[in-house]
Amino acid sequence: APAMLITLCYLYLWARWGPRSAALVRSTVRRLHRSRCSFTFCARQPHPEERVCLRIGGKVFCTGEAQFLDDLNRWSVLLVPPFIYPEKLLSAEHIAFVTESISAHTEDVQKGPDSSKEIVKWSDFCSPLAYKPGEPFKLIAEASVDNFSSLGIAFLEDRLQMDNGMVPHRIVYMDAVTPAGKSGLGRGEEEKSKLEEGREQEDEATSLCDKEPGAGEHHHLHLSSCHECLQLENSTIESVKFASAENIPELPDDCSRKTEEEEDECVEKGMKRINLAGKPPNVLIYLGSEAAKGQFEQVKSVLRECIDAESYTIYQLHQERVLRDPWVENSLLLVIATEEPIPEGHHKQFMKFLSQGGKILGFSSSFTFGGVQIKHKNKLRKAVHELVVSKKDSTEVKLNLLVSGCVFEEGMKEGMKEDPSRVKILSRLNNADKDTVMVHLTYGSSGGEAILSQAHLELDSNSMDVQSEEDFNLLKMSNSKRYEVLKEILTSLGLSCELSEVPGLTPIFLLSPDEEIHLAFLKWLEGNVDAEGLRASSKVSLKFVVSCEPRVEVTPSLMPVVTEMGSFSSEHFSLKTYQEHLQTKKLGKILLFTEVTTTTMDLLDG
């Protein structure tokens, strides 16, 4: 019956709509998405049991019987698990689907969307829920029925761009997201096998290394440079994973007790903090050769006021490290804030970053590409001018900013036809020449894009370059609009600008799964603290107390340590589970546990 229904509906729709492929796709999905069948957009030959509705080039849109996901324990949740509130995420007018993408360097694969057509960005039409790494890379997402159709149409017409720079290969709507065998997302079989392997190794080490990692180096934890610590990772750390990650995924309790409207907001807020580019959430600031520390702090401060500071880490990219450090693969956004000429080697490295899906934001810099040239206008230098900025919703914002004295011009128009970049003007000066001072450029087929500004979005009215009281007042009145424009830019580059509330610091608990070791440690402690139970350190002092009293203050420089284990309880960590999975003889028997702290490096210093 379902097969006959699909066939009859297809014949009816084709007779009615004829070659109008987009209308055919939308109507088919609207009419049949509640039936027990699947829709597939793919770049392969359909299976015998699938029925082709539409074929465009080497891609097809087909229907078939309902499909189910493989073992969900192999999937990783993206901040908000899709199976906690299915009635919220998968409502009557929203459907779940899986997108499969493959590496652009795979043989016989089209490198990306056709740049001559209007590109559709995958994340603009859906909310991602979970992913499964590998080849192909798989993403579960939810979208409205029409948005799902829009993604499928863009796929068929070679206009769909994945945020991670990979090439979309298959989109399939499934009648259900819960597999026949299991439900919920958990730890993958691969991780479980690693745990079993770690259990076989009995750790008899009696000491830990005391090695400080060098600046800029990447270490797995900060203790991975000696044999004892590698064994610690294979055993003690696995027990920590069990104790703190059991029953993942779960929404925090503060969501589970909310009203229906608040639950929607909680789920939606978590969705927007997802980094779809697949890169570590690092933001780098490049300031050229003679950057003062104050300049870095100034730009960093502006960014931190715009982006979610709890989701991103901001570093300075020093000139001597541009060609040396592996930042290209490990950064989400590069901010270029220098008027110095960009060395050729650095420019090539910046273009490599774009080609791999990186994002660049230019603050009055000399960096440009793709036929866009910089023209100097001395009469504009260090002067405050009114700008008209075009926003994504087609509205305009007028504000006054300090400009660099340079404007953008498009050159080499013939050469741009073969260039992989595209140019969109975002802002012009409100003067007679309507000078272009802000442009958006895309590059390559992996999602690389740059927004370059010759207006000083990073400077406020207190800048040393402000020359008159009139300019000071103009900048001060435009300050809120400056932040509005900055957030619009950063959001369009894929960053989250929804500021999250910073949680308060919590006390530390001294824990041990072994009562005798716990008592022995307390006895040792008596001779290593002062009369008030204080153990001072260069950065953080620890004050040992028997119980956690409400009046005890927790600050970044003074942390109370509660020694009585009977008062300990946490929804994020189970000492009993930790003890059950701890396989060492000596390591990991004394723990310092806290839910919120500044940095463990400072806690352990000295």
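**Exercise 1.** How many bridges join strand 24 to strand 25, and do the two run parallel or antiparallel?

*Solution.* Start with the ground rules: this is a predicted model, where local features need pLDDT of at least 70, side-chain atom pairs count only at pLDDT 80 or more, and totals for chains, interfaces and linings use all residues. Numbering starts from 1 along each chain as its sequence is written, and side-chain values use heavy atoms, leaving out hydrogens and water.

Now take strand 24 (residues 541–545) and strand 25 (residues 558–562): five bridges join them, and they run parallel. Strands here are DSSP runs of E, at least two residues, numbered from the N terminus; helices are runs of H or I, at least four. For one pairing, look at Leu 542, whose bridge partner in strand 25 is Met 559.

**Exercise 2.** Place these strands in their sheet.

*Solution.* The open sheet has five strands, ordered 23-24-25-22-26, with mixed pairing. Pairing takes at least two DSSP bridges. Strand 23 (534–535) and strand 26 (591–593) pair on one side only, so they're the edges.

**Exercise 3.** Check the length of helix 14.

*Solution.* Helix 14 (residues 515–526) has 12 residues. Multiply 1.5 Å by one less than the number of residues: the expected span is 16 Å, and the end C-alpha atoms sit 17 Å apart, which agrees.
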